[in-house]
Amino acid sequence: LNFNGDRNDRERSLFLRQTDVKAVWSVALNGVALGTLFQDERDMALLLPVPAGVLRAGANELRIAGKPSSFSDDIQVRDIRIHDASASDLQREATVDVTVTGDDRGMPVRITVVDDQGSLVPLRSLRADAYEAVRTGVIYSADGRARIGLPAGGYRVYASRGFEYSAPSSRVRVTAGEQKSVALRVRREVDMSGYTSVDTHVHTLELSGHGDASVEERVLTAAGEGLEVMVATEHNRLSDYSGAIRKRGMERWVESIPGTEVTTPIGPFNVFTVLDGTPYPNAAERDWSKLSEAVKRAAGSGVIVQNHPRDEHSGYRPFDPAHHVSGTGENLIGRPLFANAMEVVNSGAMAPDPLQLVRDWMGLLTRGDAVAAIGASDTHTVDFVPIAQARTYVERGNGPSDVVAQLAAGRNLVSYGLAVDVRQMGPPVQGFVPVRLAVMGPSWAAAGRVAVYSNGAAVWSKNLGANRRPGRKFQATVRVPVPAHDAALVAVVTGPPVLQPFWEVRKPYQLTSDEWTTMVLGVSRALWIDCDGSGKREAPLHHARQLVEKYKGDANGLKQALRAYDESVAAHVRRLL
């Protein structure tokens, strides 16, 4: 951008708005580096200092340049201005005092500020020695209070506390030198009292080497998002956040489970808790058998999560369709899943099709694999990917150790803006089983459709419109068709994406197509129905093996026999043949 200007004999500031930035873009004025754009796809305002003497009398050039990258990054930069004041002075031009109250006095909260154009704003905390985590447009406050310095103008201030709470907001306009107050009250809208909220995939810059969150900021953000338990999963090191929790007096709000992310060339795995005295698995291991034995030995009876099943790292994609058959959960290159859990929602690495990993998980269930579905954030940052945006609700026990046992047993739900539970209410009768469905969510997330899957196939659904009722959005006992053999029932609820700045859904992490979608969703546990009354859990693969063995060489007999089974058994028969 070429423009005419005047020489600046003192510091000024460059203001701009940016949207859809994923790669690294440098900002230079007359060849002098001022900084970089935020690597953040949201609508954000950026304020950069312009040192004295950088501006020239007459012709000037502002250059925003991207670096060579493996992907195309189409960005938007607009509303570019040079202010006569320094960036520091602009961030103190006006003051807004925010007080957030709720059912619990002095509870940690998130405060989000956008301007009249909806951009996250460059703000400054004016509280001395407060326990806060501050980024553009966001302050996590340990006690629900904030004193915010920002440029004069009009703003909307939000208060939020994660999935279970309301997100009230208020507009405020301040002039230069003015101070105003905003009071907001958050209310618990979603009753998840039978569950413990857990994020099983958490990082910090301090311990993993990338991102921007310190350990103490991570503790505060977890408490501010209403998370009860977080698992420390720093890359290739065993860690725990309990020390920082005690140091900051946050024991009332959040607990930590020690763990690790074993990041290998053939897939990343979260492991918790790691047994004392167990050798740490070799993170450079490329032999699947050796890796699986080492990880299982370290985890003992704990949890092993297959992370990023369809994302590529180090040139490898665990559930790449070239070697993974989604409908039957079959691996074609001798690397069967050894984990007892897998991420079906990773809010920091969403897939172009957000339901693909759910289908992959249901395919594993048809093999009889005891695999829990996991929702996690994979956060490395204070704000870009909020901790616990996707989370796992584990049936409540007596403490963190019980969380591990309950999760290993698959007694959990997955939440990404919505949640759904399914419970069996009676025995199967004449091809139907009564189940109770409950769809939960806050007022700021709408439920659109709930469906029940039997062995991976949709067998019942209901359109919920765009239900924004807080708490229980839908509850009913319904009759769901089931086969004559055992069935794994899974309920899934979906809705339109949340685009509000305190909980904005992310775009896909790795595009594999130019067609993609965003949504909120909830996934139930796998509910096993003993349809044949055998008293044993017999998955479709079990029946397929029996049929193939019984009807060797008798194609017509096999064809007739398959009429008594569902399409999942048929799919496994095809694979076996």
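Strands are taken here as DSSP runs of E with at least two residues, numbered from the N terminus, and it is in these terms that Asn30 is placed in the loop between β3 (25-29) and β4 (32-36). The structure is a predicted model, and the description of Asn30 and of the other features below is to be read accordingly. The phi of Asn30 is near 55 degrees, a positive value in a residue other than glycine. Since buried means under 20% relative accessible area, Asn30, with a relative accessible area of 13%, counts as buried.

A comparable description applies to His308, which lies in the loop between β22 (303-306) and β23 (324-325). His308 is not a glycine, yet its phi is positive, at about 45 degrees, and with a relative accessible area of 7% this residue is buried. A further backbone feature is found at Phe272 and Thr273, which are joined by a cis peptide bond with an omega of about -15 degrees; Thr273 belongs to the loop between β21 (267-272) and α5 (288-299).

As a whole, the protein contains 10 helices and 36 strands. For 577 residues, a compact globule would be expected to have a radius of gyration near 25 Å, and the value of 26 Å computed for the protein agrees with this. Along the principal axes, the C-alpha atoms fill a box of roughly 90 × 50 × 50 Å. Of the 577 residues, 56% are buried, while the accessible surface comes to about 23,600 Å², with 47% of that area belonging to carbon and sulfur atoms. Among contacts with a separation of 6 or more, 72% are made by residues 24 or more positions apart. The protein carries 66 positive and 66 negative charges, and the mean positions of these two sets are 3 Å apart.

One open sheet is formed by 4 strands in the order β10-β13-β8-β16, with mixed pairing. Strands β10 and β16 (179-185) stand at the edges of this sheet, and because each has a single partner strand, one side of each is left without a neighbour in the sheet. Within the sheet, strand β8 (residues 94-101) runs antiparallel to strand β13 (residues 145-150), and 6 bridges join the two. Strand β10 (residues 124-125) is likewise antiparallel to β13, to which it is joined by 2 bridges. Ile148 of β13 takes part in both of these pairings, as the bridge partner of Val96 and as the residue opposite Ser125.

Strand β9 (residues 109-115) is mostly covered, with 7 of its 7 residues buried. In a regular strand the side chains alternate between the two faces of the sheet. In β9, Val109, Ile111, Val113 and Asp115 point one way, whereas Arg110, Thr112 and Val114 point the other way, and all of these residues are buried. Two pairings were found for this strand, the pairing with strand β12 (residues 138-141) being antiparallel over 4 bridges and the pairing with β14 being antiparallel over 6 bridges. In the pairing with β12, Val109 has Ser141 as its bridge partner, and in the pairing with β14, Val114 stands opposite Arg156.

The loop between β14 (153-160) and β15 (169-174) contains Glu164. Despite its place in a loop, Glu164 has a relative accessible area of 6% and is therefore buried. When neighbours within four places in sequence are left aside, the residues in contact with Glu164 are Arg187, Arg188, Glu189, Val190, Met192, Ser197, Arg391 and Tyr393.

Helix α3 (residues 215-224) is largely enclosed by the rest of the structure, because 10 of its 10 residues are buried. The buried residues of α3 include Glu216, Glu217 and Arg218 as well as Val215, Val219 and Leu220; Thr221, Ala222, Ala223 and Gly224 of the helix are buried too. After α3 comes Gly226, which has a positive phi near 70 degrees.

Conventions: Residues numbered from 1 in each chain as written. Predicted model: local features only at pLDDT ≥ 70, side-chain atom pairs only at ≥ 80, totals over all residues. Heavy atoms only, no water. Pairing = 2+ DSSP bridges. Rg over C-alpha atoms; globule rule 2.2 N^0.38 Å. Buried < 20%, exposed > 50% of the residue type's maximum accessible area, 1.4 Å probe, protein only. Contact = heavy atoms within 4.5 Å. Areas by Shrake-Rupley, 256 points an atom, 1.4 Å probe, with all protein chains shown as cover. Lys, Arg positive; Asp, Glu negative; His and termini not counted. Charge placed at Lys NZ, Arg CZ, Asp CG, Glu CD.
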